[in-house]
Amino acid sequence: MRLAVGADHAGVGYKDLLATELREAGHDVVDVGTHGTDSVDYPDFALAVAERVAGGDAERGIVICGSAVGVCIAANKVPGVRAGVCHDTYSAAQGVDHDDMNVLCLGERVIGIALARAIADAFLGANFSAEPRHRRRLGKVLDIEARHMRGGGDR
């Protein structure tokens, strides 16, 4: 699978480890940075991952910051991105299966690396079920997105 990964300074440790392990597992990984522990702004890296996923350059993305909240908020501003904070394997798999989540958000200051690996595996191993109820609900989410895009209707 082609993946985009990114992190701010608070998530770079996990990003580097996961990117290496995902490559070793056979994934094509594009690392958008950051590449050090100097303070940087999380929206820059969430945007870089989100744009690659929304644009089709990556099938899925993983973004990491201290809590996962900031990168999730930023990534979800990009139309076509469905990012979720997941700190357990159930949410990571169900987020894809039921909601067609395409960007995983992890908090390096919240979970350990072994759990982060397991969550990434659950996320990457899941597929959207396309059951009628899930397609219907996703359609409603996409309608909300379309209504609230710039120039896309009433606000």
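The questions and answers below go through a predicted model, from its sheet to its helices, cores and unusual backbone positions.

Q: What makes β2 and β4 the edges of the sheet?
A: The sheet is open and has 5 strands in the order β2-β1-β3-β5-β4, paired in the parallel sense. β2 (28-31) and β4 (83-85) each have a single partner strand, so one side of each is left without a neighbour in the sheet. Neighbouring strands are turned by 20° against each other on average, with direction ignored.

Q: How do you know that β1 and β3 pair?
A: Two strands count as paired if at least two bridges are found between them, and 5 bridges join β1 (residues 2-7) to β3 (residues 60-65), which run parallel. Within this region Leu3 stands opposite Arg60 in β3. Helix α2 (residues 42-54) packs on the sheet, where it touches β1, β2, β3 and β5 (103-107), and its direction makes about 175° with that of β3.

Q: Why are β1 and β2 called a parallel pair, and what is the hand of the crossover between them?
A: Pairing asks for at least two bridges, and β1 and β2 have 4 bridges in the parallel sense, so the pair meets the definition. Ala4 has Val30 in β2 as its bridge partner. The chain passes from β1 through α1 to β2, and this β-α-β crossover is right-handed.

Q: How do you know that the span of α5 agrees with its number of residues?
A: At 1.5 Å a residue, the 13 residues of α5 should span 18 Å, and because the end C-alpha atoms are 18 Å apart, the two values agree. Helix α5 (residues 113-125) lies across β1, β3 and β5, and runs at about 170° to β5.

Q: Which residues of α5 are buried, and what covers them?
A: Ala116, Ile119, Ala120, Ala122, Phe123 and Leu124 are buried in α5, and what covers the buried residues of this helix includes β1, α1 (12-24), β3, α4 (89-99) and β5. Leaving aside neighbours within four places in sequence, Ile119 is in contact with Cys86, His87, Asp88, Thr89, Ala92, Leu104, Leu106 and Ile111.

Q: Which element gives the most to the largest nonpolar core?
A: This core has 24 residues, of which Leu22, Ile62, Ile64, Leu104, Leu106, Ile119 and Phe123 touch the most other members. β1, α1, β3, α4, β5 and α5 each supply at least two residues, and α5 gives the most, with 6 residues. Apart from this core lies another, of 20 residues, among them Val49, Val53, Ala58 and Ala75.

Q: Why is Thr34 called buried?
A: Buried means under 20% relative accessible area, and Thr34 has 11%, so Thr34 counts as buried. Thr34 lies in the loop between β2 and α2, and, leaving aside neighbours within four places in sequence, is in contact with Ala7, Asp8, His9, Val12, Lys15, Val40 and Phe45. The peptide bond from Gly33 to Thr34 is cis, with omega near 0°.

Q: What makes the backbone at Asp100 and Ala130 worth noting?
A: Most residues other than glycine have a negative phi. Asp100, in the loop between α4 and β5, has a positive phi of about 55° although it is not a glycine, and Ala130, in the loop between α5 and α6 (132-148), has a positive phi of about 60°.

Q: Why are Asp100 and Ala130 called partly exposed?
A: The class lies between the 20% and 50% cut-offs; Asp100 has 23% relative accessibility and Ala130 has a relative accessible area of 30%, so both count as partly exposed.

Definitions and conventions:
Residues are numbered from 1 along each chain as its sequence is written. This is a predicted model: local features need pLDDT of at least 70, side-chain atom pairs count only at pLDDT 80 or more; totals for chains, interfaces and linings use all residues. Side-chain values use heavy atoms; hydrogens and water are left out. Axes are lines fitted to C-alpha atoms, for helices over the stretch in contact, and angles run from 0 to 180 degrees between N-to-C directions. Contact means heavy atoms within 4.5 Å. The expected span of a helix is 1.5 Å times one less than its number of residues. Buried means under 20% relative accessible area, exposed over 50%, partly exposed in between (1.4 Å probe, protein chains only). A nonpolar core is a set of buried Ala, Val, Leu, Ile, Met, Phe, Trp, Tyr and Cys residues joined through side-chain atoms within 4.5 Å. A crossover is right-handed if, with the strands pointing away from the viewer, the path from the first strand over the helix to the second runs clockwise.
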